[in-house]
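Dear colleague,

Please find below the structure that I agreed to hand over to you. My account of what was found in it follows directly after.

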Amino acid sequence: MNGFPWLALTVLAPLVAGVALLAVPAQSRGTVRVVSVFSTLVSLVASVKVALAYDLAAGGVQLRESLPLLPSVGIGWELGVDGWGVTLLLLTAITIFAGACATWTLEDRDKDFYILLLVLVAGVFGVFVSLDLFLFFLFYEIAVLPMYLLIAIWGSSKEVKRLGPFAFLWDRLDVGGREYAAMKLTLMLLIGSAAILVGMFAMVQGSGSSSFNMLEIAERGVPESVQLWVFPALWLGFGTLAGVFPFHTWSPDGHASAPTAVSMLHAGVLMKLGAFGVMRVGMVLCPEATVTWAPLVGAVAVINVVYGALGAASQSDLKYIVAYSSVSHMGVVMLGAATLTPEGWNGAVYQMFAHGLMTGLLFALVGLIYGRAHDREIFGMGGFAKVMPGVAVFFTLAGLSSLGMPGFAGFIAEFQVFMGALAAGHWVWALAGIVGAWITAVYVLRATRAIFWGEGPPARFHELSDAKGVEWVALVVLGTCLLVFGLWPRLLLDYIDVGTLQHLAAFGGAS
Amino acid sequence: MSYAILAIVVPAASFLVLALVWPLRHTGRPAAWLSTAAALVSLACAVLALGEAPAMGAPPELLTWPWLVRGGEVIADVGFRLDGVSAPMLVVVTFVAACVQVYSLGYMAEEPPAALGRYYTWHSLFIVAMGGLVIAPNLLQLVAGWELVGLCSYLLIGFYWRKPSAGKAAVKAVWVTRFADIGLMLGLVLLYVQTGGFSWEAQAATSAVAAFLFLGVMGKSAQVPLHVWLPDAMEGPTPVSALLHAATMVAAGVFLVVRCWPLFEHADTLLLAMSWIGAITALVAAVTATVQTDIKKILAYSTCSQLGYMVAGLGSGEMLGGYFHLTTHAFFKALLFLGAGSVIHAVHSNELGDMGGLGRKTRTTMVLFGIGTFALAGLPGLSGFFSKDLLLEQVAHAGQYGPLAILLFVAGLTPFYMMRAWCLAFLGEPSPKAAHAHESPAVMLAPMAALAVLAVGLGYAGGPFGAMVGEPYTFHLTPVGIIATVVGLSGLGLGYAKYGLGKLQGLEVPALAAVVRAAPVDTFWAQAWSRGLLPFAKAIGWFDRYVVDALVNLTGWVAIVAAERARTIQTGRARDYLYAVALGAVVVAAAGTIGGISS
Amino acid sequence: MIDWVLFVVLALVTLGGALKVVSAEDLVHVVLWLAVTLLGTAGFYAMLDAGFLAAIQVLLYTGGVITLMLFAVLLVRREGGHIPAGGVAEPARAGVVALATAALSGFAIVRGGLLEGEAYRLEPKALGQVLLGPLALPFEALSVLLLAAMVGAIVLARRKDA
Amino acid sequence: MMGPGLSAYLLVAAAMFGVGLYGVLSRRNLVAIVVSVELMANAANLNLVAFSRFGGHPWGQALALFGLALTVAEVVVGLALVVLAARSHTSLDVDAMSSLKG
């Protein structure tokens, strides 16, 4: 460990701020906000610093920090970033900064909200920089669990129609309530965690590693017989968080119920934890099994892409539309991952980044619209652009990135995934991805027109107004990033590419 | 080279300023002046760039930056490529754009300032996007520009966003063109997989790449059956229609084929298919145009028809005819649209029925519109004559007689419906609405005049143009050309006799038109959406909510029911718990005792 | 021989007292019969050379705890504990389980091959050395526990309105 | 003849334990249950002392002493709880106390 521990600063800044907030009286709302936003700003600066300090020419894992915690079982505070880590660290920092700004107007128990949010974010940061599997898992859980409270306390409920063959279940389970959504989300993710935990220990045990350090495990190698069942466990375990079909149903309800900043973080960053886990832990540590299972992973991802897009097209509730679009876009990530090609992996990680920004922006906007219109049914809206032109502009920006318009980050990502899919010889994957992008165009533009265009707004929406004050910060930051990283992809792609090179080496230079 | 860069950078700067400095944008007219000035500078630079551009065959001037990497290697660049194909197109784009922007100063004068600023912002963006498409060093940047002009099209069709029909048209345009872009994307990705890059000069590419790319072309250049968005796109302001949906953006598809000619050149089956698709598009659109009563719809279908012409021309296996026709068409069709705009400006209606007798009030417009009509009709000496002649000759030379026959028929139909439009608008008795018509201001007439000059004279530039593109060309009249001219002139004559002089009452619009009026293709797509995709999506949505998610809920329900069974064990009476403890202890102890003693 | 006589007598007293504890009707009688049992046990302690423990048993238990219990009984009566001590539920089932437990223990003792070794003499001094030597810390902790129990009892039993 | 050996004491303790258990299981009155628990604890203590004596080690007695003290603490807290229960339930019938019922 030499030099300033930027990684630790990134991870701990929100945590420290969260603890410090405990001492701040809940009445001093200004202090709470300033402390929170400032701590996220510290993380943002630190993560930019990490990106600058990372030596692209050298590659590999850098900025190591090492501190034994339980040497007897080989658990330690082992931090370090590779090219992927840098990318996702930046994404998290940008998104949480925007998220903290977007929550500025929250009034109900705001201190508690910020504390939980900061703890959650510290967990996310931790996952992206942990080299120690145990630490990785610990941070993973820290990132997932506060979500339950955040949704159950600050969420919103939805009327649910009793339909389908299992309609009799609805009442007993309180389907549609925010507690229901929070519970479902937590339970599904925890079941996934259980699978991860088992897989994790199996890998440590199987490889004969003396510690939980991923680098050591990778070096020793996990026996193929172990890999063959560990990989599916990790894929489904992490995949639940990445919204892998059919374990994605927590996502629409969870996102629809969650408050704005939580949706932003959850769709923007947390789902990436899942995909990152599948790739960084599952694929890199189990290369042989990955080759075996990749066709299935890809096939399921294809379902995700098209199914999610169609699901979004079928919805008329704004939050559900965005939530299903996340399912679809995360499918693109998994599709890229399954190609096992440099293009596909670059695209997958870029898609994590692009989708994080894009969906963060979308949820911020949805929050703004919902907070003013108190309605999410898009077909009852119309003409909102007249009273909220700024929101309309940014919604269009996010939508364009989502449908893969060149010049936006989304295009760079999706395009590379398509390249990877075809390079891997999978016509259907490439076609499905492209068709998914088209369906995205269909529903995004339809929604944009329904909300913002046309006569109106109807008289019942009398409280509409454009974004105000700090809310702009969130929109501008995210929107600008979408464009910058869409026009100048190498800013990020160089990092991702270094990471991809490093990790693909596990596949014997398969390219 | 630096001129070519300036031709893009200046409008880009204008766009950035207008987009970011919203107070300036909201002032309206200053924003318009800024954008227009940028467009004029861009035009000047493009003309200068044309002067210094190397012809095809000579090494192109390149300036690129690495854009995408893979495994440490650069796989795609962005930048500028000035050569014999991009330079002329750049002039076409900037010229028409500059004319349209100047024209809009008059045409859009009554818009609110903020809307006007927005309008010009998009126009600046359009020059950047289209210029980026034209000057692209590789197919990836071309496609990026392609999508961005699509975005401009979406935004400009939806300029009157409060009008529901405009919103629908804008969305429909993107839906249809992006549907076609599925093919384009596949082609692009396939090109990469086969050649490891995005150059259209790569030898390793198969004709499958070209075939996929052509699917995209069919959407963008409005080929049957994907032409349905173009007529609806007329919801946008008329200058927008002139620039995007007549002269440049819709021609991007044709330009793509020209640009990627090395990929298409040897794909024989594809070329034949292109000929037929182009010819059928030309015919269907032309027939449809004869029965329209909306002057912009006539021009839209005419554009569609002429794009079919170009595609068919490219299908002949030689690209000069198609490209030349693209250039000439850009000017005279833009002229026609601006003329139509002038008329609409005068009577505040698109309907031919609201016009009539405008010739007396708007003499200049009548003349300019007439020039456009004659150029489109292929009147000998005007630009359309030369390009159409070359195009038909190439089709004949390729021996594609089926498409040739159709194209020749269309060559007669085109002058007929254009003459109809001209006569109904400018001759005869004025309608009540036309009574108060007035000539448009000079700011609108001047760009039209500039376009008219080129509509007349560009045909004589065929030689240098051919040299530039790398395919030598000298004009010589062939039998096909003579037939086309005769057919064209008779079409003009028939049209004038029927609509100008009121003769030929027997010659009603052909019965075929009745079929076309039903617009079966449009209906087909509408049904595909409302009966196909949307219900399918709804079904998926239902399935997800009420089956997949319900299975998740089922597990929760099972847990609850199981717990309800299990909870009866808990009687809540201390005694029962004690019994459990005692018995447990007895059992454990018994096991231990017996085991301990017996061992 | 005298040991056996003493032993049997003590066993009779102790076990008889115990039986009366679980069968007496009146709560006061129950507590008093417990005192008898405890005293009998103290006798056993004395027989086992644990004079110190025997003294503690007599003083602490029979003197302190029994008194405490009597107080509690009276208090509870005043508070309204209406159920008589003699209320017995499911005597048969309880008997079987209790008998099984005792029988199992007995079986283990009899068949367990325990060393019927020499009885050692244990001086009270030895106990003192252990308590203040290696077990000093637990011993002190015990006093803290007792204090905690005392405080806890007060807190629990205190009337809210008092 | 030797005096009573280890087994004899253990048997008595076992019997006492059984009797105590019977009381705990069969009594309905809370106070009686607490008293029965005392019997069981007492039996355990007797065991400890006997082991100490026949094992020749003072730790058994020390443990018995600790046991005694613990039992006292238990009685104190237990009786406090009994008083509390009597106050809040107005009855000491354990069968009536079933708020743990699932």
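**Where chain A meets chain B**

Ala430(A), Leu431(A), Ile434(A), Val435(A), Trp438(A), Ala441(A), Val442(A), Leu445(A), Arg446(A) and Arg449(A), which belong to helix 18 of chain A, meet ten partners in helix 7 of chain B: Gly167(B), Val171(B), Val174(B), Trp175(B), Arg178(B), Phe179(B), Ile182(B), Met185(B), Leu186(B) and Val189(B). By class, this contact between helix 18 of chain A and helix 7 of chain B is made up of 16 nonpolar, one polar and three charged residues. Please bear in mind throughout that the model is predicted.

How do the two helices lie with respect to each other? The axes of helix 18 (residues 427-452) of chain A and helix 7 (residues 164-195) of chain B come within 10 Å and cross at roughly 165°. An angle over 145 degrees counts as roughly antiparallel, and helix 18 of chain A and helix 7 of chain B are therefore roughly antiparallel to each other. Their crossing is right-handed.

**A helix pair inside chain A**

Another pair of helices may be set beside this one. Helix 3 (residues 83-102) and helix 12 (residues 260-285), both of chain A, have axes that come within 8 Å and cross at roughly 165°. These two helices of chain A are therefore also roughly antiparallel to each other. The crossing of helix 3 of chain A and helix 12 of chain A is left-handed, whereas that of helix 18 of chain A and helix 7 of chain B is right-handed.

Among the residues of helix 3 of chain A that take part are Trp84(A), Leu88(A), Leu91(A) and Thr92(A), and the residues that they and others meet in helix 12 of chain A include Met264(A), Leu265(A), Lys272(A), Phe276(A) and Arg280(A). The contact of helix 3 with helix 12 of chain A divides into 12 nonpolar, five polar and two charged residues.

**Chains A and B as wholes**

The secondary structure of chain A consists of 20 helices and two strands. For its 511 residues, a compact globule would have a radius of gyration near 24 Å, and the 21 Å of chain A agrees with this. The C-alpha trace of chain A spans about 70 × 55 × 50 Å along its principal axes. Of the 511 residues of chain A, 65% count as buried. Among contacts in chain A with a separation of 6 or more, 80% are between residues 24 or more positions apart.

Chain B has 25 helices and two strands. Why is chain B described as more spread out than a compact globule? Its radius of gyration is 31 Å, well over the 25 Å that the globule rule gives for 599 residues, so chain B is more spread out than such a globule. Along its principal axes, the C-alpha trace of chain B spans about 125 × 60 × 55 Å. In chain B, 59% of the 599 residues count as buried. Of the contacts in chain B between residues at least 6 apart in sequence, 80% join residues at least 24 apart.

**One residue in a loop of chain B**

Asn350(B) is found in the loop between helix 15 (320-347) and helix 16 (358-361) of chain B. Is Asn350(B) buried or partly exposed? A residue needs 20 or more other C-beta atoms within 10 Å to be buried; Asn350(B) has 19 and is partly exposed. Neighbours within four places in sequence aside, Asn350(B) is in contact with Asp294(B), Ile295(B), Lys296(B) and Ile344(B). Asp294(B) is 56 residues away from Asn350(B) along the chain, yet their C-alpha atoms are separated by 5.3 Å.

**How the chains are joined**

Which chains share the most contacts? Of the four pairs of chains in contact, chains C and D do. That contact takes 67 residues from chain D and 77 residues from chain C. On the side of chain D that touches chain C, helix 1 (6-26), helix 2 (30-55) and helix 3 (59-89) of chain D each give two or more residues. Helix 3 of chain D provides the largest share of that side, 21 residues. The residues on this side of chain D comprise 45 nonpolar, 15 polar and seven charged.

Between chains C and B, nine residues of chain C are in contact with nine residues of chain B. The side of chain C that touches chain B has six nonpolar, two polar and one charged residues.

Two pairs do not touch. No contact joins chain A and chain C, and their closest C-alpha atoms lie 29 Å apart. Chain A and chain D likewise do not touch, with their nearest C-alpha atoms 18 Å apart.

Yours sincerely

Notes: Residues are numbered from 1 along each chain as its sequence is written. Chains are lettered from A and ligands numbered from 1 in the order in which they are written. This is a predicted model: local features need pLDDT of at least 70, side-chain atom pairs count only at pLDDT 80 or more; totals for chains, interfaces and linings use all residues. Two residues are in contact if their C-beta atoms, placed from the backbone, lie within 7 Å. Ala, Val, Leu, Ile, Met, Phe, Trp, Tyr, Cys and Pro count as nonpolar, Asp, Glu, Lys and Arg as charged, and the others, Gly among them, as polar. Helices (H or I, at least four residues) and strands (E, at least two) are DSSP runs, numbered from the N terminus. The radius of gyration is taken over C-alpha atoms; the globule rule is 2.2 Å times the number of residues to the power 0.38. A residue is buried if 20 or more other C-beta atoms lie within 10 Å of its own, exposed if 12 or fewer, and partly exposed in between; C-beta atoms are placed from the backbone. Axes are lines fitted to C-alpha atoms, for helices over the stretch in contact, and angles run from 0 to 180 degrees between N-to-C directions. Angles under 35 degrees count as roughly parallel, over 145 as roughly antiparallel, 65 to 115 as roughly perpendicular and the rest as oblique. A crossing is left-handed if the near helix is turned anticlockwise from the far one by less than a right angle, and right-handed if clockwise.
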